[in-house]
Amino acid sequence: MKFLLLVTFFIPLQLMASIYSIKHKSEISDLEFLSRIPKDQFNIVLGEFHYNKLIQKNQAKYIDMIVKNQNLQGLFSLGWEFLEYKFQNDINLAVKAYESKDISWDQFIARSIPGSSNKHIEYKSIIDNVVQLDGQLIATNATRLVKNILMKDGQESLSIIDTPHVWFNPTKNYFKRFEIAMGGHADPVTLKKYFLAQHYTDAIISSKLNNTSLYKHRFLVIGSFHSDYFDGVNRYLKGNNILIKFVDRSLYTSSEWDALILNNSKFGMISDYLIY
């Protein structure tokens, strides 16, 4: 009597990602994706939904994959929206202590994002990659206090260190998308103040990444609203920009998903790639 042995293979969550090319309207392999990444210089914008374990694991996977494929260990930077440049020196020390295992993840977060009650555990795999691959971690964002002063007193109230090197007028489509996202929860005057803080954030984050990075190969982890449709931060980053929108397929209805991958939007192409 012969027996059929059934073996079940469990594939780790981070190995199950798919890549969809918006331009070519088709899924592509990891190898094809890697072949399209410029070798001499890049800014790879990792647009995300915050605090989604699947999304952050996929971001970590592709950071690791790109760095190793191009032998960029010790030769890349990663900017993170959640880190405020006011604390860059503290963050540098925290990275060294975390790398040497002198502090835990919770202690790293406490030192890098002072006052945060959130442990940001979803982002551990990303930061672990930066540490293990000897990358430069860049704090890119202004403090909430700076943004409150901006909304209250205007651009002229900013100090030199808090003023972006370049700050364009936002596009009409960007404001329209912002207005839709706010859903009528602010009066016109307040809406304009919030939008001022929104596009200021794009400019200051890009400015810090452009001018603080020690290397030509840069990643930016940022909320996708700041990068969708090649708007926001994309207008400021210098060089070869690649926009990836990381999404969780389970959060979309069938019709929403079809609209996303078919690029049925009046605002244009949402990104170069979707990873899900």
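Start by selecting helix H5, residues 124–132. Helices here are DSSP runs of H or I with at least four residues, strands are E runs of at least two, and both are numbered from the N terminus. Which residues of H5 are buried? They are Ser 125, Ile 126, Ile 127, Asp 128, Asn 129, Val 130 and Val 131. That makes seven of the nine residues in H5, so the helix is mostly covered. Buried means under 20% relative accessible area, exposed means over 50%, and partly exposed is in between, with a 1.4 Å probe and protein chains only.

A word on what you are viewing: this is a predicted model, where local features need pLDDT of at least 70, side-chain atom pairs count only at pLDDT 80 or more, and totals for chains, interfaces and linings use all residues. Residues are numbered from 1 along each chain as its sequence is written, and side-chain values use heavy atoms, with hydrogens and water left out.

Now show what covers H5. Among the elements over its buried residues are helix H2 (53–69), helix H3 (88–99) and helix H4 (105–112). Add strands S4 (77–84), S5 (136–141) and S6 (217–223), which are also part of that cover. Then step just past the end of H5 to Asp 134, which takes a positive phi of about 60°.

Next, go to Pro 38, in the loop between helix H1 (30–35) and strand S3 (42–48). What does Pro 38 contact, leaving aside its neighbours within four places in sequence? Select Gln 70, Asn 240 and Ile 242 to see its partners; contact means heavy atoms within 4.5 Å. Pro 38 and Gln 70 are 32 residues apart along the chain, and their C-alpha atoms are separated by 9.5 Å.

Move on to Gln 155, in the loop between helix H6 (144–153) and helix H7 (172–182). Is Gln 155 buried or partly exposed? Its relative accessibility is 41%, so Gln 155 counts as partly exposed. Not counting residues up to four places away in sequence, Gln 155 touches Leu 150 and Trp 167. Try drawing a line to Ile 138 as well: the two residues are 17 apart along the chain, and their C-alpha atoms are separated by 24 Å.

The next stop is Asp 231, in the loop between S6 and strand S7 (241–246). Asp 231 has 7% relative accessibility and therefore counts as buried. Beyond its neighbours within four places in sequence, Asp 231 is in contact with Thr 171, Tyr 174, Arg 177 and His 226. Ser 271 is 40 residues away along the chain, yet the C-alpha atoms of Asp 231 and Ser 271 are separated by 9.9 Å.

Now zoom out to the whole chain. You should find nine helices and eight strands. The radius of gyration is 20 Å, close to the 19 Å from the globule rule for 276 residues, so the chain is as compact as a globular protein of that length. That radius is taken over C-alpha atoms, and the rule is 2.2 Å times the number of residues to the power 0.38. Buried residues make up 51% of the 276. Of the contacts between residues at least 6 apart in sequence, 78% join residues at least 24 apart.

Finally, color by pLDDT, the predictor's confidence in each residue from 0 to 100. The chain averages 94, and 95% of the residues score at least 70. Select residues 1–14 last: their pLDDT is below 50, and beyond near neighbours in sequence this stretch has seven contacts in the model.
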